[in-house]
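Please look first at the two chains and at the place where they come together, and then follow the paragraphs below from a cavity outwards.

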2 protein chains.
Amino acid sequence: MGNEEVVPLAHRVPDLGALELLLAVARVGSLSGAARGLGITQPAASSRIRAMETRLGVALVDRSPRGSTLTAEGALVTDWARRVVEAAEAFDVGAQALRGRRDSRLRVAASMTIAEYLLPGWLIALRGQRPGTAVSLHAGNSAIVAGLVLAHEADLGFVEGLSVPEGLDSVVIAQDRLVVAVAPGHPWARRSRGVEAAELAATPLILRERGSGTRQVLDAALAAAGGLAQPLLELASTTAVKSAALSGAGPCVLSELAVGDELGSRRLVEVPVAGTGLARALRAVWPTGARPAGPARDLLSLTRRPA
Amino acid sequence: MGNEEVVPLAHRVPDLGALELLLAVARVGSLSGAARGLGITQPAASSRIRAMETRLGVALVDRSPRGSTLTAEGALVTDWARRVVEAAEAFDVGAQALRGRRDSRLRVAASMTIAEYLLPGWLIALRGQRPGTAVSLHAGNSAIVAGLVLAHEADLGFVEGLSVPEGLDSVVIAQDRLVVAVAPGHPWARRSRGVEAAELAATPLILRERGSGTRQVLDAALAAAGGLAQPLLELASTTAVKSAALSGAGPCVLSELAVGDELGSRRLVEVPVAGTGLARALRAVWPTGARPAGPARDLLSLTRRPA
DNA sequence: GTTACCCATAAACGCAGTTTATGCCGTCAT
DNA sequence: ATGACGGCATAAACTGCGTTTATGGGTAAC
């Protein structure tokens, strides 16, 4: 009973190479053309697509002597595949930035939430505009980011929180919001009117550890409502908090960036909070006076969403 | 010059099995425990994680005699990995539903946009609640969905569009919105005030083919503004429209569900449209009088977002 | 009819990941 | 202290999957 994952996901889903190949076939319109584009031979492509079709039990491409086009099901599958490949691209640029050496052209420091959920997308977009730019990434809390930027060991920093560290200029690039979320079975999930700030403050919650940006904002917001109760769990990562909440341990408080997917699929339910604001600004920061230039400026302009 | 993808993505990103393993290590707290959970041996897990670390050039886990915990970088990488795995899960449930046979317990018919972007998430959530439910999926335009539902060949249908087909009851499950989007280099990208309906109507656009739900809504919305100009391109799939717009061919009009990622990463820019509404309702439909019951009811309740 | 493009199939090859079999190192209980 | 336990690393042999090479059949255009 429970989660006996009989056959792992990796055996039911084609590997990334096959998904990439499918996208290439969709784009190019032929197996052999797609194979050329990926640097493999035509029989290899043929065999991979065929293996994929038998594994899924669905015909994906209509083969003809003058090319291959997607079937209706193939088009659907291709779009799902595209989402996997895009997530893999985000993984790639993130990991590459993480590994980046000291001599990288653009050194970025970012808070955990921003590094996890926003930066990969920005870096993909940046790569689209300036393909040559090598990026390195250092992730840490606001104090660490501020230190790296002040010491000129990072060209641009991204922080979340209420105040801007001393000695830094900043611009608000987005508004983030903390959300209270519970598993669907939790009593709060049925309360359409949500909870009052005072009740939230009095309830043991699943939280990030003291010192995290998330925790600071929550402390400040609930100070007027009597201050935070003893936490139910204090965990070191966003992920740990999320899985504790998913398993029904209790209400958690996380950035809406972190729980967006879970809310969308209804694995977690947002609980509205009345009586206090849980918004916080996401800011780009740089040493006072030293306006970002070059690649840092390019990245900055990418991050500024239209109002 | 251009897109010489020297080394394909699949060689720079660990395969799904490795990513799943990393998630298991994060969850369980030890390599051998994770290995047990996935049905492989401990040396295999050790070797895979190590290979991943050397490939990424980053230490992911701190090994100790009493278990393994993620490093700070490892936590970041794990979260990126989670997004890939979740996309793969969506692929899996989608593909599985697509293959579903006639005797499946729950037969769903959905329009393309809903099947592509929303249904996988719902099915994952449904699997969480009712793990045993086998789902089959048929994707097509509104008329096809209506036909399947009326003929009782589908237990539940999902359509987008302005009107509800005859003989069906419906409930609005979400609001969708068509957005006009251009590549960042396009002149419209800099117009913060957007375009008037009349100008949009007079401009050749990249569109889905006539008969698609997207096209119908656009036709209706711009009828008052003089009707649609001759399209710049008429393409058969959402994907094709998107890539044409991405390559700078011109403005496209698509569901916000379809271009959400591109807008987020700024690879496409939304152009506001004044003077007309491009909203459309997404509806669940069933034969008049025959309220959904059983699994269909479960799925329906999952899709209804809180107001 | 010839050329050019496309896809399918068969056989041999090579490598990546796996298992089996050990050994070392801490921790905890006795 | 000491022995049992759990966890990780390493080495060697094995297995299978994806690959290339080689070949054949089919259709459209010139």
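How do the residues of the lining of the largest cavity divide into nonpolar, polar and charged? The lining has three nonpolar, no polar and seven charged residues, where Ala, Val, Leu, Ile, Met, Phe, Trp, Tyr, Cys and Pro count as nonpolar, Asp, Glu, Lys and Arg as charged, and the others, Gly among them, as polar. This is a predicted model, in which local features need pLDDT of at least 70 and side-chain atom pairs pLDDT 80 or more, while totals for chains, interfaces and linings use all residues. Residues are numbered from 1 along each chain, chains are lettered from A in the order in which they are written, and side-chain values use heavy atoms, without hydrogens and water.

The largest cavity has a volume of about 70 Å³, and among the residues that line it are A:Arg82, A:Glu86, B:Lys242 and B:Asp261. A cavity here is a set of points on a 1 Å grid over the protein atoms alone where a 1.4 Å probe fits but cannot get out, and its lining residues have an atom within 4 Å of a point; the volume is the space filled by probe spheres set on the points, which are joined across faces, edges and corners.

Turning to the interface, 57 residues of chain A are in contact (heavy atoms within 4.5 Å) with 57 residues of chain B. Across this interface the rule finds two salt bridges, each a side-chain nitrogen of Lys or Arg within 4 Å of a carboxyl oxygen of Asp or Glu. In one of them, the side chains of B:Asp92 and A:Arg12 meet at 3.1 Å, N to O.

Key. 1 Å grid on protein atoms, 1.4 Å probe; cavity = no way out; pocket = protein on both sides within 12 Å on 5 of 7 lines; lining within 4 Å.
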